[in-house]
Amino acid sequence: MCILLSILFVALAVVGLSVRVLLKKNGRFSSQHIGGSKAMRERGIHCVNTQDYEMRHQKKMDIKNL
């Protein structure tokens, strides 16, 4: 009985989280990445990979300018 109740709750959670995707034409889940957030981009905050690339590129440019 407990297992069936747990499965029911999990199924309801999945349906609840995917309502927008299921009901909207060409529906998609919104991006959960930092780079996909407009507010974060406005503040100049990027994901770790992007920041790492920028720092490596900046160091190369600094070395070339010496």
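**Exercise 1. The fold along the chain**

Work out which pattern the chain of this predicted model follows when read along the sequence.

*Solution.* Start by counting elements: the secondary structure comes to 4 helices and 0 strands. Now read along the sequence, and the pattern is α-α-α-α.

**Exercise 2. How far to trust each part**

Find the helix where confidence is lowest and the helix where it is highest.

*Solution.* Begin with the whole chain: its mean pLDDT is 80, and 89% of the residues reach 70 or more. Next, go to the helices. H4 has the lowest confidence, with a mean of 75, while H1 has the highest, at 93. Keep a general caution in mind: where pLDDT is low, predicted coordinates should not be read in detail.

**Exercise 3. Checking helix H1**

Compare the span that H1 should have with the distance between its end C-alpha atoms.

*Solution.* First, note that helix H1 covers residues 2–17. Its 16 residues, at 1.5 Å a residue, should span 22 Å. The rule behind this takes 1.5 Å times one less than the number of residues. Then look at the model: the end C-alpha atoms of H1 are 23 Å apart, which agrees.

**Exercise 4. Buried or in the open?**

Decide whether H1 lies largely buried or in the open.

*Solution.* Buried means under 20% relative accessible area. Of the 16 residues of H1, 0 are buried, so the helix lies largely in the open. Take Leu12, which lies in H1, as an example. Its relative accessibility is 53%, and a residue over 50% counts as exposed, so Leu12 is exposed. Leu12 also joins Leu5, Leu8 and Phe9 in a nonpolar surface patch, and together these residues have about 410 Å² of accessible area. Finally, step back to the chain: 2% of its 66 residues count as buried. Its accessible surface is about 6,600 Å², and 64% of that belongs to carbon and sulfur atoms.

**Exercise 5. A salt bridge in H4**

Explain how Arg56 and Asp52 are placed along helix H4, and describe their contact.

*Solution.* The structure holds 1 salt bridge. In it, the side chains of Arg56 and Asp52 meet at 3.0 Å, N to O. Both residues sit in H4 (residues 48–64), and because they are 4 residues apart, about one helical turn separates them. In general, an α-helix has 3.6 residues a turn, so residues three or four places apart point the same way. Now check the surroundings: Arg56 is exposed at 54% relative accessibility, whereas Asp52 is partly exposed at 37%.

**Exercise 6. Cysteines**

State how many disulfides the structure holds, and describe the accessibility of Cys2 and Cys47.

*Solution.* The structure has 0 disulfides. Cys2 has 60% relative accessibility and counts as exposed. Cys47, at 27%, is partly exposed.

Notes
Residues numbered from 1 in each chain as written. Heavy atoms only, no water. Patch = residues over 30% accessible without salt bridge, like charges linked within 9 Å, V, L, I, M, F, W, Y side chains within 5 Å. Areas by Shrake-Rupley, 256 points an atom, 1.4 Å probe, with all protein chains shown as cover. Salt bridge = Lys/Arg side-chain N within 4 Å of Asp/Glu carboxyl O. Helix = DSSP H or I, 4+ residues; strand = E, 2+ residues; numbered from the N terminus. Buried < 20%, exposed > 50% of the residue type's maximum accessible area, 1.4 Å probe, protein only. Disulfide = S-S within 2.5 Å. pLDDT = per-residue confidence, 0-100.
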